[in-house]
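Me: I've got a model open and would like to talk through how it packs. Can you take a look with me?

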Amino acid sequence: MITTKEKREINKGITLIALIITIIVLLILAGISIATLTGDNGILSKAQEAKTKHEEEAKKEEERIQDMADYIENLDGNKDAIAKYVKVGDYIQYGEKLQEKEYATKVEETGYTDVQTFQTDKTTTWRVMNITPNGEVEIVASSNTLTDGGNTGLYLKGRAGFENAKTILNNMCQNLYTSSYGSGRNIKVEDINNLVGYIPGEQQIFSYASGWAFYDKEKNEFRMPSAENPVVVKATTYTYMIDTKCPMYDTLVANTYCPDGDVNAKENTTEHYWLSDDCIHCVEDRARFGWRDVKGGRVDGVPLYVVTTNWEIGEGTYAKGVRPVVVLSKNATLDFSSDIYDGTTPQKAWRLK
């Protein structure tokens, strides 16, 4: 029979063994826990990776938010809005914002025998042409607008064409290329001069007191001159070449070189395009009233109407392409939802929203 003392000794032995087993189990669990926490794939390593990734994403998000905050802050008056992010030559996706429209010329305005119909070209690419001191961004189409399926340019003829060219060109571009994102107009000689850095020199002034009806630029009309009320004409003809150093040369100039052919084919080619500026050449007994164009790598002009002091008159007919310009609206903003769009190529053109 086991005595009480012996029972007590046995219980002490069992308790000691249980304690040792418990300690061993705890040590094993501790080892597993330490390995789980500190190994290459441990919880601490994974937590550190997650923390690092979170911090990187948070930084990117903070940068995006800051960009948007800066952008929104500058929208007041459009001082540094889109202009802050784009530069001359950047591509901007504008065609997708346009609606398909149609513009028909009037015979009495162009002087040409037929009505000419133009459609909105939504496929052409657009590029930043100028950023004005007050923060306006001006974009220009990379190709010419043509008529009737692209077969011809805008025909202008004689006195009517000379008098109405600016109105026709600007009305056409405004009608076809204005949207809630910008207002359309035709390209001007000042736009080219700004890119080239060209400053026109002094211009000669001629006064006519007799002869056929001459153009009075101040009154924007042709009228008969007299000794009491002569017509004063300022010669505005000048031609200059544009070289490859000119910003946007590839878009505005390179494609205006003529293909081989006769003189008439070269003068009436849609590779050239009209500028919204007249071109008056004066000599002692006559004046040639024409319209400016970009052709053959130069800014030039073609005579639409010729008058002389000997009562002679002549008219010319020319067809050129039309190059629309859009002044982006103060309400237009850039889409920063993707880092892909940076304006460097047509495929990466800035998106508007």
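Me: How many residues does the largest nonpolar core have?

Reply: Bear in mind that this is a predicted model. Tyr 94, Ile 139, Leu 154, Phe 289 and Leu 328 have the most contacts inside that core. Helix α4 (residues 158–177) gives the most to it, with eight residues. The core's full count is 52 residues.

Me: And which core lies apart from it, and of how many residues?

Reply: There's another one, with Val 189, Ile 192, Leu 195 and Val 325 among its members. Its count is 19 residues.

Me: Is Ile 23 buried, partly exposed or exposed?

Reply: Ile 23 sits in helix α1 (residues 4–38), and it helps make a nonpolar surface patch of about 660 Å², along with Leu 16, Leu 19, Ile 20, Ile 24, Leu 27 and Ile 28. Buried would need under 20% relative accessible area and exposed over 50%. Ile 23 comes in at 42%, so it counts as partly exposed.

Me: Which strand is joined to β13 by seven bridges?

Reply: β13 covers residues 273–282, and nine of its 10 residues are buried. Two bridges join β13 to β17 (residues 317–322), running parallel. The seven-bridge partner runs antiparallel to β13 and forms a hairpin with it, with three residues between them. That partner is β14.

Me: What is the bridge partner of Trp 274 in β17?

Reply: On the β14 side, Trp 274 stands opposite Asp 293. Over in β17, its bridge partner is Val 322.

Notes. Residues are numbered from 1 along each chain as its sequence is written. This is a predicted model: local features need pLDDT of at least 70, side-chain atom pairs count only at pLDDT 80 or more; totals for chains, interfaces and linings use all residues. Side-chain values use heavy atoms; hydrogens and water are left out. A nonpolar core is a set of buried Ala, Val, Leu, Ile, Met, Phe, Trp, Tyr and Cys residues joined through side-chain atoms within 4.5 Å. Buried means under 20% relative accessible area, exposed over 50%, partly exposed in between (1.4 Å probe, protein chains only). Helices (H or I, at least four residues) and strands (E, at least two) are DSSP runs, numbered from the N terminus. Patches are made of residues with over 30% relative accessible area and no salt bridge: like charges are joined within 9 Å, nonpolar side chains (Val, Leu, Ile, Met, Phe, Trp, Tyr) within 5 Å. Accessible areas come from the Shrake-Rupley method with a 1.4 Å probe; for residues, only the protein chains shown count as cover. A salt bridge is a side-chain nitrogen of Lys or Arg within 4 Å of a carboxyl oxygen of Asp or Glu. Two strands pair if DSSP finds at least two bridges between them.
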